[in-house]
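Please consider the following model together with its sequence. The explanation below leads through it one region at a time.

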Amino acid sequence: MAAQNPQTTQNTVLVAVFAALIAALGLVPPITVGIVPVPITLQTLGVMLAGALLGPWRGMLSVVVLQVLVLAGLPLLAGGRGGLGVFLGPTGGYLVGWIPAALVIGLLVQHWALRRTGSTARFLAMLLSTVLGGIVVIYAFGVPWTSVVTGLPLSTSALGSLVFVPGDLLKAVVASLVAVSVHRSYRRLLGGVRTAAR
């Protein structure tokens, strides 16, 4: 029997670990707001970290693994939610948006942010990457989806989503600080991507 490639094993472990991390962040109780029927959770922080630390493909795959398990009925989302109904409800667009979010964050981090020169420039590029992927992309899926499912006007759905912005910006800052620190200490996490000198 042929031995498994160590790189393949490492990738599999990292994908599984980050899928578990996103699920673990769901243990923190969600905060429900009255404007739109979508709770505030910590799990988007896990999505941002997956893309920023694992890169586009492994980060996206970790989110896909989690969502397949959720689709199968496991209660891995905040508040113990799971099953097909979650994807068909008001939060479905935000959940689907996690997948391209991790992809976009990973692409920006791997091909742009990590190549910035200087700690401040790299942090700001990392922050912009997590904001674009973790907020803009997710909201682009979530806002219209919530509008369609609930019957709310699109403007109301968009206005209601503004309540998530402060918390999501804070998550983006935390994810960026962690990602900059980890990539500085472990430069081969993205497969040896060449980074700019500090």
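**From a buried threonine to the surface**

At a relative accessibility of 0%, Thr-130 counts as buried, because the term applies to residues under 20% relative accessible area. The model in which this value was computed is a predicted one. Thr-130 has its place in helix 6. Between the C-alpha atom of Thr-130 and that of Ser-147 there is a separation of 25 Å, with the two residues standing 17 apart along the chain.

Helix 6 also takes part in enclosing empty space. Rolling a probe the size of a water molecule over the atoms shows where such space is left. In this structure there are three cavities of 30 Å³ or more. The largest cavity holds about 210 Å³ of space. Its lining consists of 17 residues, and those closest to the centre are Val-38, Pro-39, Thr-41, Thr-44 and Tyr-94. Two or more lining residues come from each of helix 2 (43–54), helix 5 (92–111), helix 6 (119–150) and helix 8 (165–185). By character, the lining of the largest cavity comprises nine nonpolar, five polar and three charged residues.

Helix 8, one of the elements that contribute to this lining, also carries a charged pair. Side chains of opposite charge can pair when their charged atoms come close. Here the side chains of Lys-171 and Asp-168 form a salt bridge, with a distance of 3.0 Å from N to O; this lies within the 4 Å that the criterion allows. The count for the structure comes to one salt bridge. Both Lys-171 and Asp-168 belong to helix 8, where three residues, or about one turn of the helix, set them apart. Where do Lys-171 and Asp-168 stand, buried or exposed? Both Lys-171 and Asp-168 are buried.

Helix 4 offers examples of exposed residues. Leu-88 lies in this helix, which spans residues 84–88, and it counts as exposed because its relative accessibility is 56%, the threshold for that term being over 50%. Together with Leu-71 and Leu-84, Leu-88 makes a nonpolar surface patch of about 300 Å². Gly-85 is likewise placed in helix 4, and its relative accessibility of 53% is why Gly-85 counts as exposed. The C-alpha atoms of Gly-85 and Gly-73 are separated by 9.3 Å, while the two glycines are 12 residues apart along the chain.

Terms used:
Residues numbered from 1 in each chain as written. Predicted model: local features only at pLDDT ≥ 70, side-chain atom pairs only at ≥ 80, totals over all residues. Heavy atoms only, no water. 1 Å grid on protein atoms, 1.4 Å probe; cavity = no way out; pocket = protein on both sides within 12 Å on 5 of 7 lines; lining within 4 Å. Points joined across faces, edges and corners; volume = space filled by probe spheres on them. Helix = DSSP H or I, 4+ residues; strand = E, 2+ residues; numbered from the N terminus. Nonpolar A, V, L, I, M, F, W, Y, C, P; charged D, E, K, R; others polar. Patch = residues over 30% accessible without salt bridge, like charges linked within 9 Å, V, L, I, M, F, W, Y side chains within 5 Å. Areas by Shrake-Rupley, 256 points an atom, 1.4 Å probe, with all protein chains shown as cover. Buried < 20%, exposed > 50% of the residue type's maximum accessible area, 1.4 Å probe, protein only.
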